[in-house]
Every structure is written in C-alpha cells, then in structure tokens.
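I opened a fresh page for this structure. My entries follow the order in which I looked things up.

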Amino acid sequence: MRELDYKAIGKRIREARKAQKLTQEEAAERCDITSSFYGNIERGDKKMSLETLAKISRGLSVSADVLLFGSSLTGNDILAELQEKLQRTADQNQAEKYLLIISHLSEIIDRL
C-alpha cells in the first residue's frame, strides 16, 4: 500500500481551489473547516482525518482519489491492492476461492 504524501495532497488541494478561483478563506468556508487549518493542509504541514478529507472533497467538488493520488484509481491499482491484501491476510484455501471467483467473473465480463 502506498504511503500518503501530505505535501502532494496539499498541492492537489491548492490546485483544485485555484482552478475554481477561490481564496483559501472561501475554500475553507465551503469545506466547513477553519482557514488556518485549511492553509496548513494545503502546505502539507498538517495531516487530516478521513472526515476532513471528505469535507474538502465535497467542498471543492473533487474526487477523494484525485486529491489523494492525483487521479482516480485504475482497475489495475485496485487489483494490485487486493492482491497485496490477500497475500497478507488470506490463507491458501481463501486465496484459491478468491481466485476462482475472479476467474468466473472474468469469464462473465468477457461474454458481455
């Protein structure tokens, strides 16, 4: 799993705000957080909770994926994260069942 880069997240938040021609104060008001905390987030000086990320995502009308990673997660990203999780947590029997399910889903998708 990727580490979160709070400086990069802050930069993407700043870019989203500037694209909408908002001041930090206006964006903070839209996001229902204080302007000083908002400024700290944009600079990457402060970490934020999931709740705050959701407020910023809604307030700026930008996907949380875009704010966190720079773009929406692709199917390959999701599969890679699922595979990593399976390797960490699933026993052999569970892993085989997951692979069987994915194989059957793949066949169904191919027929669509």
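I began with a term: two residues are in contact when heavy atoms of theirs lie within 4.5 Å. With that cut-off, I looked at contacts with a separation of 6 or more in the protein, and 52% of them join residues 24 or more positions apart. I also noted that the model is a predicted one.

**Entry: overall form**

I counted the elements and found 7 helices and 0 strands. From the N terminus on, the order reads α-α-α-α-α-α-α. I then took the box filled by the C-alpha atoms along the principal axes, and its sides are roughly 55 × 30 × 20 Å. How does the radius of gyration compare with that of a compact globule of 112 residues? The protein has 19 Å, whereas such a globule would have a value near 13 Å. Of the 112 residues, 28% are buried.

**Entry: helix α1**

I turned to α1, which covers residues 6-19. Its 14 residues reach 20 Å from the first C-alpha to the last, close to the 20 Å expected at 1.5 Å a residue. At the N-terminal end, Asp5 acts as a cap, with a side-chain oxygen 3.2 Å from the backbone nitrogen of Lys7. After α1 comes Lys21, and I noted that its phi is positive, near 55°.

Which residues of α1 are buried? I listed Ala8, Ile9, Gly10, Arg12, Ile13, Ala16 and Arg17. Their cover includes α2 (24-31), α3, α4 (50-60) and α5 (64-69).

**Entry: α1 against α3**

Two packed helices are described by the angle between their axes and the distance between the axes. I looked up both for α1 and α3 (residues 35-43): the axes come within 6 Å and cross at roughly 115°. On the α1 side, the contact is made by Tyr6, Lys7, Gly10, Lys11, Ile13, Arg14 and Arg17. Tyr38, Ile41, Glu42 and Arg43 make it on the α3 side. Sorted by kind, the residues of this contact are 4 nonpolar, 1 polar and 6 charged.

**Entry: two residues of α3**

I picked Glu42, which lies in α3. Is Glu42 buried or exposed? Its relative accessible area is 1%, so Glu42 is buried, the cut-off being under 20%. Leaving out residues up to four places away in sequence, Glu42 touches Gly10, Lys11, Ile13, Arg14, Arg17 and Gln24. The side chain of Glu42 also has a polar contact with the side chain of Tyr38, at 2.9 Å.

Asn40 is in α3 too. I found a relative accessible area of 19% for Asn40, and therefore it counts as buried. Beyond its neighbours within four places in sequence, Asn40 is in contact with Asp45 and Lys46.

**Entry: helix α7**

Last, I checked α7, residues 92-111. Its 20 residues should span 28 Å at 1.5 Å a residue, and the end C-alpha atoms are 29 Å apart, which agrees. At the start of α7, I found a side-chain oxygen of Asp91 within 3.1 Å of the backbone nitrogen of Asn93.

Ile102 has its place in α7. With a relative accessible area of 34%, Ile102 is partly exposed. I also took its C-alpha distance to Glu15: the two are 38 Å apart in space and 87 residues apart in sequence.

Terms used:
Residues are numbered from 1 along each chain as its sequence is written. This is a predicted model: local features need pLDDT of at least 70, side-chain atom pairs count only at pLDDT 80 or more; totals for chains, interfaces and linings use all residues. Side-chain values use heavy atoms; hydrogens and water are left out. Helices (H or I, at least four residues) and strands (E, at least two) are DSSP runs, numbered from the N terminus. The expected span of a helix is 1.5 Å times one less than its number of residues. A polar contact is a pair of N or O atoms within 3.5 Å; within protein, one must be able to donate a hydrogen and the other to accept it, and residues adjacent in sequence count only if both atoms are side-chain atoms. Axes are lines fitted to C-alpha atoms, for helices over the stretch in contact, and angles run from 0 to 180 degrees between N-to-C directions. Ala, Val, Leu, Ile, Met, Phe, Trp, Tyr, Cys and Pro count as nonpolar, Asp, Glu, Lys and Arg as charged, and the others, Gly among them, as polar. The radius of gyration is taken over C-alpha atoms; the globule rule is 2.2 Å times the number of residues to the power 0.38. Buried means under 20% relative accessible area, exposed over 50%, partly exposed in between (1.4 Å probe, protein chains only).
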